[in-house]
Amino acid sequence: MSWLPDQKEAQVKRLLEGPYPMVPTGLAAGAAARGDRLLRRRRALRRFGWAVLFAAGVAFVVWASLTRPWAGPPTDISPPLEGW
């Protein structure tokens, strides 16, 4: 089994020494277009995420200002203590 690495190495050397394959003509333009699409999609998702985060923050501030969860419960909820 020690001949496998040598055989693979010889095959790689033959591939590197041989003629290089032809590159399709529209490969670079297609890759650039795909990269632009990916960047636009990422940018749109990032903007959407920030918008959702901002909307959640505004909703929390509005909810907190209306319900005032930091204030204690009103004192008139429980009946007064009488007859002790």
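Biologist: How many aromatic pairs does this predicted model contain, and what makes two rings a pair?

Modeller: The count comes to one aromatic pair, where rings of Phe, Tyr and Trp (its six-membered ring) pair if their centres lie within 6.5 Å. The model is a predicted one, in which local features need pLDDT of at least 70 and side-chain atom pairs count only at pLDDT 80 or more, while totals for chains, interfaces and linings use all residues. Residues are numbered from 1 along each chain as its sequence is written, and side-chain values use heavy atoms, with hydrogens and water left out.

Biologist: Why is the pair of Phe60 and Trp63 called tilted?

Modeller: The ring centres of Phe60 and Trp63 are 5.8 Å apart and their planes stand at 40°; planes under 30 degrees apart count as stacked and over 60 as edge-to-face, with the rest tilted, so this pair is tilted.

Biologist: What separates Phe60 and Trp63 along helix H2?

Modeller: Phe60 and Trp63 are three residues apart in helix H2 (residues 27-67), and therefore about one helical turn separates them; a helix here is a DSSP run (H or I, at least four residues), numbered from the N terminus.

Biologist: How do you know whether Phe60, Trp63 and Leu66 are buried or exposed?

Modeller: Buried means under 20% relative accessible area, exposed over 50%, and partly exposed in between (1.4 Å probe, protein chains only). Phe60, at 52%, therefore counts as exposed, Trp63, at 44%, as partly exposed, and Leu66, at 69%, as exposed.

Notes: Helices (H or I, at least four residues) and strands (E, at least two) are DSSP runs, numbered from the N terminus.
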